[in-house]
Amino acid sequence: MEVPRHWRLKKQRYALVGEVCPHCSSKIFPPRDVCPYCGGEAKTQFSFSGRGQVYSFTQMTNVPTGYEQSAPYTMALVQLEEGPVVTAQLTDLGEQHVEIGMPVEMVTRKIRTDMDDRGIIIYGYKFRPVMQA
Amino acid sequence: MMNDYATDPILLKPRNPVGILGYGAYVPRYRLPATEVARLWKGGDGEGLPIKEKAVPGFDEDTITMSIEASRNALKRAAIDPKDIRAVWIGSESHPYAVKPSSTIVGEAIGCSPHIQAGDWEFACKAGTEAMVAAIGFVGSGMAKYALAIGMDTAQGRPGDALEYTAAAGGAAFILSPAEEAVATINATFSYVTDTPDFWRRPQQNYPEHGQRFTGDPAYFKHITEAGKHMMQAMNTTAADYKYAVFHQPNTKFPQRVAGLLGFSKEQYKTGLLSPVIGNTYAGAAIIGLTAILDEAEPGDRILLVSFGSGAGSDAMDITVTDRILERRDKALKTQDYIARRTEIDYATYTRMRGTLTMR
Ligand SMILES: [Zn+2]
């Protein structure tokens with residue numbers, strides 16, 4: 001992926017910054033400037049809490065180029081407490097067993113690096129088992 | 001001749017009093033027992049190991065990601081708009097980029113940018129307190145309302161070297177503010193710095209070199225006792241005036257011995273002594289001890305912190321906890337929460353997580 005695209009996406013990637021619809025109050029992620037629920041214009045920034053639960057998941061053993069170091073890993077659909085569902089890697093599982101409905105929280109982690117050790121490091125959201133009581 | 005520190009105005013004190021508004025720690029999940037390193041390199045001889053186990057970062061963690069989490073914890077306690085933070089300064093010897101500041105990425109992730117000073121500080125294991133002292137000046141001069149100072153490392157030792165037992169990952173973040181808002185007031189700081197070649201790493205080298213036994217007396221003990229002793233002399237205090245003391249902790253024994261040299265008892269240093277269970281977190285080592293103390297301290301408690309960085313130098317800080325600690329400290333994960341989250345790994349997994357296996 002080219003550097004300019006990473007740069008444009010950094011706010012949503014680093015901190016789950018999406019949008020809130022001024023017409024129907026829906027929370028939108030990823031940001032798309034148009035509300036998918038009511039069709040109105042929605043450009044107001046909204047920072048998601050990062051809390052959610054596992055909606056579905058799968059173990060990845062055959063992984064795309066650039067992700068070999070971390071294989072095998074678990075990809076999940078995470079339903080955020082504000083509504084939207086995002087696709088993300090689960091991390092810091094240790095020996096913890098993943099199940100649907102498991103509460104998770106967002107952390108910012110290294111996703112991968114471009115061009116081995118010479119390219120930029122791409123950071124973004126992952127989810128881990130919730131630590132906060 | 002020795003300076004008369006009692007009358008010489010050597011203490012660093014900002015014009016406006018400064019304190020800690022919010023603080024946060026981070027320790028990664030994985031632990032490598034020292035017995036695992038000994039199993040591989042010493043034929044299983046587990047005698048006299050420097051610590052019990054050390055914290056190891058996951059393959060997707062580095063000084064930037066760990067700084068982001070510690071800073072988010074500090075922000076939860078501070079409960080301010082991140083835009084009011086006017087500096088993001090990170091002390092580390094393991095910045096992921098040789099050229100490109102860690103602080104720009106951390107600032108963006110926590111929502112401080114773009115109107116910030118951002119910079120990465122280097123001074124071996126005291127880079128974190130160096131950033132804190134700078135932040136105290138930045139806030140205390142009135143230039144900035146708040147400043148964020150971080151000490152964080154993912155330290156590595158050469159396989160089989162003595163440092164491999166202890167070189168660990170973790171650290172802490174502090175938001176400095178005017179003292180009247182703070183959970184702890186920083187009464188003064190005092191530093192002691194000399195040119196001492198006890199430990200170093202040249203460019204392009206993966207692992208540091210150290211001056212073997214030279215790292216002890218002329219480096220660690222000399223600098224910490226000079227800074228600590230003269231701080232107390234100038235503050236007109238003795239060890240008995242402090243409820244807690246915390247020192248740089250490269251292993252278990254050094255901080256215990258230096259505490260004794262300065263007149264502190266186990267009762268005073270035990271809360272902040274984390275190296276036995278997380279290892280030496282380098283720029284994070286003294287200050288993550290401070291976060292563990294702040295998690296427990298009562299209003300009015302006084303704390304003496306003395307860091308040490310090879311090369312060499314020490315920063316001493318005299319700190320008093322305020323009433324606000326009680327309402328703020330439960331707003332984020334505590335240092336011991338991270339220490340309790342623990343998955344033990346073996347040497348093979350450790351090697352893989354540290355990215356030292358060549359994939360092609
Ligand atoms: Zn809408």
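Here are some worked exercises on a predicted model, taken one piece at a time.

**Exercise 1. Work out which residues coordinate the zinc ion and what geometry the site has.**

Step 1: Start with the donors. The zinc ion is held by the SG atoms of A:Cys21, A:Cys24, A:Cys35 and A:Cys38, at 2.2 to 2.3 Å.

Step 2: Now check the angles. Among the four donor atoms they run from 104 to 117°. Four donors count as tetrahedral if all angles lie between 85 and 135 degrees, so the site of the zinc ion is tetrahedral.

Step 3: Look at how the donors sit in the sequence. Their spacing is C-x2-C-x10-C-x2-C.

Step 4: Place one pair on the fold. A:Cys21 is in the loop between β1 (17–20) and β2 (27–28) of chain A, while A:Cys35 is in the loop between β2 and β3 (44–47) of chain A. The two are 14 residues apart, and the pair links distant parts of the chain.

**Exercise 2. Decide whether A:Cys21 and A:Cys35 are buried or exposed.**

Step 1: You need a cut-off here: buried means under 20% relative accessible area.

Step 2: A:Cys21 has a relative accessibility of 2%, so it counts as buried.

Step 3: A:Cys35 also comes out buried, because its relative accessible area is 2%.

**Exercise 3. Describe the overall build of chain A: what elements does it have, and how compact is it?**

Step 1: Count the elements. Chain A has two helices and eight strands, and along the sequence they follow the pattern α-α-β-β-β-β-β-β-β-β.

Step 2: Compare its radius of gyration with the globule rule. Chain A has 16 Å, close to the 14 Å that the rule gives for 133 residues, so it is as compact as a globular protein of that length.

Step 3: Add the dimensions. The C-alpha trace of chain A spans about 45 × 35 × 25 Å along its principal axes.

Step 4: Turn to burial and surface. Of the 133 residues in chain A, 45% count as buried. Its accessible surface is about 7,100 Å², and carbon and sulfur atoms make up 51% of that.

Step 5: Finish with the contacts. Taking those in chain A with a separation of 6 or more, 46% are between residues 24 or more positions apart.

**Exercise 4. Find the strand order in the three-stranded sheet of chain A.**

Step 1: The order is β2-β1-β3, the sheet is open, and the pairing is antiparallel.

Step 2: Pick out the edges. β2 and β3 of chain A each pair on one side only, which makes them the edge strands.

Step 3: Zoom in on one pair. β1(A) and β3(A) share four bridges in the antiparallel sense; one of the partnerships joins A:Val17 to A:Ser47 in β3(A).

**Exercise 5. Trace what surrounds helix α1 (residues 34–41) of chain B.**

Step 1: List its buried residues: B:Ala34, B:Glu36, B:Val37 and B:Ala38.

Step 2: See where they go. The buried residues of α1(B) pack against β2, β3 and α12 (347–353) of chain B.

Step 3: Follow two of those partners into their sheet. In chain B, an open sheet with mixed pairing has the order β3-β2-β14, with β3 (53–56) and β14 (343–344) at its edges. Strand β2 (residues 30–33) of chain B runs antiparallel to β3(B) and is joined to it by four bridges. Within β3(B), B:Ala55 is the bridge partner of B:Arg31.

Step 4: Focus on B:Ala38. It is buried, with a relative accessible area of 1%. Its C-alpha atom is 8.4 Å from that of B:Gly160, although the two are 122 residues apart along the chain.

Step 5: Look just past the helix. B:Gly43 follows α1(B) and has a positive phi, near 60°.

**Exercise 6. Identify which strands pair with β13 (residues 313–321) of chain B, and how covered this strand is.**

Step 1: Take the cover. β13(B) is mostly covered, with eight of its nine residues buried.

Step 2: Find a partner. Strand β8 (residues 184–193) of chain B pairs with β13(B) over nine antiparallel bridges, and B:Tyr192 has B:Ser314 as its bridge partner.

Step 3: Find another. Strand β12 (residues 302–306) of chain B is joined to β13(B) by five bridges, again antiparallel. Here B:Ile303 is matched with B:Ile319.

Step 4: Check the connection. β12(B) and β13(B) form a hairpin with six residues between them, and B:Gly311 in the turn has a positive phi of about 125°.

Key: Residues are numbered from 1 along each chain as its sequence is written. Chains are lettered from A and ligands numbered from 1 in the order in which they are written. This is a predicted model: local features need pLDDT of at least 70, side-chain atom pairs count only at pLDDT 80 or more; totals for chains, interfaces and linings use all residues. Side-chain values use heavy atoms; hydrogens and water are left out. Donors are N, O and S atoms within 2.8 Å of the metal (3.2 Å for Na, K and Ca); water is not among the atoms, so sites may look incomplete. Four donors count as tetrahedral if all angles lie between 85 and 135 degrees; four count as square planar and six as octahedral if opposite donors are over 155 degrees apart and all others between 65 and 115; anything else is irregular. Buried means under 20% relative accessible area, exposed over 50%, partly exposed in between (1.4 Å probe, protein chains only). The radius of gyration is taken over C-alpha atoms; the globule rule is 2.2 Å times the number of residues to the power 0.38. Contact means heavy atoms within 4.5 Å. Accessible areas come from the Shrake-Rupley method with a 1.4 Å probe; for residues, only the protein chains shown count as cover. Two strands pair if DSSP finds at least two bridges between them.
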